[in-house]
Each structure stands twice: as C-alpha cells, then as structure tokens.
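Me: I have a model open and would like to learn how to read it, feature by feature. Could you take me through it?

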Amino acid sequence: MTVTSDCFFLTRRAIVFGIIAVGLFAGLTGAAHAQDIFMKRSWSHAVGGYDVVAYHTQGAAVPGDDAHTMTLYGVSWRFSSAENMAAFAASPDAYRPQYGGYCAWAMAKGKRAAGDPEVWHIHNGKLYLNVSRGIKRKWLREIDDFITKADAAWAAL
C-alpha cells in the first residue's frame with residue numbers, strides 16, 4: 001500500500017514539476033522575444049537614440065539625451081528628460097515600439113526591414129515605425145489589417 005501511495009505521490013510531483021517547467025520555459029521564451037529590439041549597426045541606442053516616450057506624450061520624434069540613458073532588454077535607451085525615462089522604466093511595454101522597432105509594414109509582409117525613428121505612427125496607444133514615408137502611407141491605408149498580419153508574423157519569429 002505504501003508503495004502505491006508513494007508512486008502516486010511521485011507521479012503527482014512529476015506532473016506538477018512538468019507543468020512548472022513548461023510554464024517557466026514559456027516565460028523565458030516570451031522574455032527572449034521581448035528582448036528582440038532592432039538595432040542598426042550605426043545605432044548605439046534603441047530606436048536610433050530617440051525618446052520613445054516623447055512619441056506618446058509630445059507627438060514628436062524627439063532625440064534623447066545622454067544624460068537620461070538606461071539599459072533595458074540588453075539595449076541602451078535614451079530619453080529627453082528624467083520624467084520620460086522614469087515613465088519608460090515604470091512601464092516599458094507601453095512605450096517601446098512594436099515588432100522590436102522593425103518596419104511594421106514589412107513585418108505585415110513577413111519580412112524584417114529597418115524602422116526609421118522619424119517615420120512613425122501611434123495607433124491604439126502603440127508605437128509603430130516604418131521604413132519610409134511612402135511605406136507609411138501604404139501602412140495607414142489598411143492599418144488594422146496590416147497590424148493583424150504583422151502581429152502573426154512577429155509571433156512566428
């Protein structure tokens with residue numbers, strides 16, 4: 001009888017451990033995905049050193065300042081003010097660009113292309129970069145459809 005209950009206990013423990021391990025693995029893969037921030041070789045900071053909070057709060061592409069720099073996701077981010085840096089630190093997912101800063105239109109096509117920090121758009125509170133103004137015009141024509149396609153492509157990467 002003891003053998004049966006011990007076997008059941010070990011089996012239950014193995015199942016619980018397996019569930020925890022799968023959950024941790026899923027969390028780790030999600031974290032790695034969040035760290036996939038696009039960086040051009042010529043950039044020393046994420047989004048070319050532009051303040052990602054300023055897109056949301058000032059409606060402008062504002063260059064960051066070396067006095068307000070932090071590292072997150074293994075990447076250096078610059079901000080135009082200490083307040084913007086604090087806002088980003090408190091809620092980075094609210095401000096960082098979608099698709100790691102790659103061009104949103106290209107991502108909708110299943111490709112990666114450099115996002116231009118001066119060609120951007122906020123839609124439903126999220127920051128999207130495009131590779132050029134012409135591509136941004138295409139992106140805006142069917143933005144909701146392109147977002148659906150880009151989200152699927154990004155999740156598949």
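Reply: Happily! Let's begin with a term: two strands pair if DSSP finds at least two bridges between them. Keep in mind that this is a predicted model. With that in hand, look at Thr69, which stands opposite Arg78 in β2.

Me: Thanks. In which sense do β1 and β2 pair, and over how many bridges?

Reply: β1 and β2 run antiparallel to each other, with five bridges between them. Another pair to find on screen is Met70, whose bridge partner in β2 is Trp77. The two strands form a hairpin with two residues between them. Tyr73 lies in that loop, between β1 (65–72) and β2 (75–79). Its backbone deserves a look: Tyr73 has a positive phi of about 60 degrees, although it is not a glycine.

Me: How should I read the side chains of a strand?

Reply: The general idea is that in a regular strand the side chains alternate between the two faces of the sheet. In β2, Val75, Trp77 and Phe79 point one way, while Ser76 and Arg78 point the other way.

Me: And which residues of β2 are buried?

Reply: Five of the five residues of β2 are buried, so the strand is largely enclosed by the rest of the structure. That includes Ser76 and Arg78 as well as Val75, Trp77 and Phe79. For the chain as a whole, buried residues make up 38% of the 157 residues.

Me: What is the overall layout of the chain?

Reply: Along the sequence, the pattern reads α-α-β-β-α-α-α-β-β-α-α. In total there are seven helices and four strands. As for how the chain folds back on itself, take the contacts with a separation of 6 or more: 54% of them join residues 24 or more positions apart.

Me: What does the other strand pair, β3 with β4, look like?

Reply: Strand β3 (residues 116–123) pairs with strand β4 (residues 126–130) in the antiparallel sense, over five bridges. To trace the pairing, start at Asp116, whose bridge partner in β4 is Asn130. These strands form a hairpin with two residues between them, and Asn124 in the turn has a positive phi of about 50 degrees.

Me: Where else should I look for a positive phi in a residue that is not a glycine?

Reply: Try Tyr99, with a positive phi of about 60 degrees. Tyr99 is in the loop between α4 and α5. Its relative accessibility is 3%, so Tyr99 counts as buried, the cut-off being under 20%. Gly100 is found in the loop between α4 (92–95) and α5 (104–108) too, and at 2% relative accessibility Gly100 also counts as buried.

Me: How far is Gly100 from Tyr128 in sequence and in space?

Reply: They are 28 residues apart in sequence and 9.4 Å apart in space, C-alpha to C-alpha. A second pair to compare is Tyr95 and Leu127, which are 32 residues apart in sequence and 6.9 Å apart in space, again C-alpha to C-alpha. Tyr95 lies in helix α4 and is buried, with a relative accessible area of 17%. Leaving aside residues up to four places away in sequence, Tyr95 touches Val52, Val53, His56, Ala87, Phe88 and Leu127.

Me: Now for helices. What describes two packed helices?

Reply: Two packed helices are described by the angle between their axes and the distance between the axes. Here, helix α6 (residues 133–141) and helix α7 (residues 143–156) pack at an angle of about 100 degrees, with their axes 5 Å apart. That makes α6 roughly perpendicular to α7.

Me: Which residues meet where α6 packs on α7?

Reply: From α6 come Lys138, Trp139, Leu140 and Arg141, which meet Ile143, Phe146 and Ile147 in α7. By type, the residues of this contact divide into five nonpolar, no polar and two charged.

Me: One last thing: how should I treat regions where confidence is low?

Reply: Where pLDDT is low, the predicted coordinates should not be read in detail. In this model, pLDDT stays under 50 over residues 1–35, and the model has five contacts beyond four places in sequence for that stretch. The protein chain averages a pLDDT of 80, with 72% of the residues scoring at least 70.

Note on methods: Residues numbered from 1 in each chain as written. Heavy atoms only, no water. Axes fitted to C-alpha atoms, helices over the stretch in contact; angles between N-to-C directions. Parallel < 35°, antiparallel > 145°, perpendicular 65-115°, else oblique. Contact = heavy atoms within 4.5 Å. Nonpolar A, V, L, I, M, F, W, Y, C, P; charged D, E, K, R; others polar. Buried < 20%, exposed > 50% of the residue type's maximum accessible area, 1.4 Å probe, protein only. pLDDT = per-residue confidence, 0-100.
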